[in-house]
Amino acid sequence: MTNNDKPVGISGLAVYLPPLRVQLRDWCDWTGNSWTKIEQVVGRSFRVTGPQHSVYTMAATAVWRLIRQYDIDPRRIGFLGLGTESSTDNSAGPIILKGMLDEALTASGLPQISRACEVPEFKHACLGGVYAMKGALRYLSTDGRGKLAIVVCADIAEYARGCSGEPTQGAGAVAMLIEENPALVSVSLSNSGSASAYRTLDFRKPMLRFCDQRPQEDLRIQDFPVFNGKYSTTCYIDETLHALRDMYKRRGLCGADYLRSLRYIFMHRPYRRMPETALGYAYLAALAAGNADDRAELAVYAASAGVDPQALITELTGTADVVVLANERELNSEVFPLAAAAMHAFRNSSAFGEQVLKRLALGHDSICDFGNLYTAALPAWLAAGFETALESNTDLDGEELLTMGYGSGDAAEIIPFMVMPGWRDAARRIRFDDAVQGAIDLTQSQYERLHDRQHVNGLSLEASDEFLVDHIGNADSRHFRDTGIEYYRYAAPREIAKSA
């Protein structure tokens, strides 16, 4: 609630994906990986950027769509926040987007965004977008009352070819309209939960990596992270459990009863299996902290796994020293050994489908074609969920949707959303299906050359109603310097842009 008791929350969503796509079935043929395993664990496809795309062009295009799909008066926008971990300018942030948008607005005969607009950037791995949303909600509850806020989450997830993260790549942006008396969902931050802990080398992007990079045919920096897969999974699970505990405590909830009461949950999704695993652990931890009936259910999974039930309860209700794995360079070790065994038994039980998969089902199929969007992964799933609810005529009026955001390093945010009456009108404007149309499937050679920043012959992109990188500066004289600075342009509908 705001100080004047008006609810605040999200009134709209808009999605942008670059058109270039890699089908993971094809990728498996190219690399000799198992398609069955990749589909079950990762998904079906991911998007990649071309030379004319950047995190800023994707973000600006998503906001541009949001403004027009929801008939937003730009003069009322007092907060334009960017959540990203792929920004390539260490000084400017969303002001870059504001510049692009103001030019397009003027060219379209519309007023520019308010000059009295805040333009902050939020960075914490994949959680930056959630922090930006919280910042916007807090803005509306204080000095921003009566104004509009827009938050855009945009990222480019790239990994070295041949590494375990390669099939989990992705690129895209999602913009959110946040205001008083929201049309889609209301958000009460007082009912949320938070957690954070320093994890040393879970998933990092040290700037030192760039020292030896030199531009080839374009000046885009390749932002491959330093990551440790097994350890990162452990960090995700641990921080999610702590954030849930914080929310349970704030709201006086019994975790097991609360999770069972929910119909739908949306989580940060680096790949298909991760939210399933994290929610499974969350359910087991809630059983461990629950009543006698809850612990009796947990004992069934313990017996199936051959572990002592009391020892399992102690492990699930305690505090794991996760960072010791990094300090001792034992990153493949299991910090929850008993819970891991019980989780395996739980996953193979009929209850797993009811308590986990069913709650993650809304929009699940659509999001399998997105890849990892980092900060945009959670809001993209939310957009897909509302589209699915519309198509299936699912009644969400008054429903509590639980969202779980996570960022490596690491931190987690658990925030409940309450679906507003009349949400369908706002959901229809998301136009999720339109956003995913027009994909161009890449061949192996095209993908590899694009990934390695090489020229791609015969690839033409239809740039329609979106922002593009026009060129990148390289002047370094005494009186004029613009080396590395991107210059942008707005591409009118149906413009053909030859690849550089």
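Where does Asp-410 lie? In this predicted model, Asp-410 sits in the loop that runs between strand S13 (400–407) and strand S14 (411–419). That loop also holds a backbone oddity: going from Gly-409 to Asp-410, the peptide bond is cis, with omega near 0°. For background, most peptide bonds are trans, and most residues other than glycine have a negative phi.

The phi rule has its exceptions here too. Arg-453 is not a glycine, yet its phi is positive, at about 60°. The residue belongs to the loop between helix H18 (444–451) and strand S16 (460–463). With a relative accessibility of 8%, Arg-453 is classed as buried, because the cut-off for that label is under 20%. Asp-465 is another case, with a positive phi near 55° in a residue other than glycine. Asp-465 is placed in the loop between S16 and strand S17 (466–472), and at 16% relative accessibility it counts as buried.

Next comes the nonpolar interior. The largest nonpolar core takes in 140 residues, and those with the most contacts inside it are Leu-97, Ile-178, Phe-386 and Leu-402. Helix H8 (residues 273–288) gives the most to this core, contributing 11 residues. Setting aside neighbours within four places in sequence, Leu-97 touches Tyr-56, Ala-59, Ala-60, Leu-80, Leu-82 and Val-152. Another core lies apart from the 140-residue one; this other core has 16 residues, including Val-22, Trp-35, Leu-442 and Val-456.

H8 turns up again in helix packing. H8 and helix H9 (residues 292–305) cross at an angle of about 125°, and their axes are 7 Å apart, so H8 is oblique to H9. On the H8 side the contact involves Tyr-283, Leu-284, Leu-287 and Ala-288, while H9 supplies Asp-294, Arg-295, Glu-297, Leu-298 and Tyr-301. By type, the residues of this H8–H9 contact split into six nonpolar, no polar and three charged.

A second helix pair has another geometry to report. Helix H12 (residues 337–347) packs on helix H13 (residues 350–357) at about 95°, with 6 Å between the axes. H12 and H13 are therefore roughly perpendicular to each other. Met-343, Phe-346 and Arg-347 of H12 make the contact with Ala-351, Phe-352, Gln-355 and Val-356 of H13. Sorted by type, the residues of the H12–H13 contact are five nonpolar, one polar and one charged.

Two buried residues with polar side-chain contacts round things off. Ser-192 is in the loop between strand S8 (185–187) and strand S9 (193–196), and a relative accessible area of 1% makes it buried. A polar atom of the Ser-192 side chain lies 2.6 Å from the backbone oxygen of Leu-189. Leaving out neighbours within four places in sequence, Ser-192 contacts Lys-134, Asp-246, Met-247, Arg-250, Ile-414, Ile-415 and Pro-416.

His-364 is part of helix H14 (residues 364–367). At 17% relative accessibility, His-364 still falls under the 20% cut-off, so it counts as buried. Its side chain makes a polar contact with the side chain of Arg-272, at 3.4 Å. Again leaving out neighbours within four places in sequence, the contacts of His-364 are with Arg-269, Arg-272, Glu-276 and Trp-381.

Notes:
Residues are numbered from 1 along each chain as its sequence is written. This is a predicted model: local features need pLDDT of at least 70, side-chain atom pairs count only at pLDDT 80 or more; totals for chains, interfaces and linings use all residues. Side-chain values use heavy atoms; hydrogens and water are left out. Helices (H or I, at least four residues) and strands (E, at least two) are DSSP runs, numbered from the N terminus. Buried means under 20% relative accessible area, exposed over 50%, partly exposed in between (1.4 Å probe, protein chains only). A polar contact is a pair of N or O atoms within 3.5 Å; within protein, one must be able to donate a hydrogen and the other to accept it, and residues adjacent in sequence count only if both atoms are side-chain atoms. Contact means heavy atoms within 4.5 Å. Axes are lines fitted to C-alpha atoms, for helices over the stretch in contact, and angles run from 0 to 180 degrees between N-to-C directions. Angles under 35 degrees count as roughly parallel, over 145 as roughly antiparallel, 65 to 115 as roughly perpendicular and the rest as oblique. Ala, Val, Leu, Ile, Met, Phe, Trp, Tyr, Cys and Pro count as nonpolar, Asp, Glu, Lys and Arg as charged, and the others, Gly among them, as polar. A nonpolar core is a set of buried Ala, Val, Leu, Ile, Met, Phe, Trp, Tyr and Cys residues joined through side-chain atoms within 4.5 Å.
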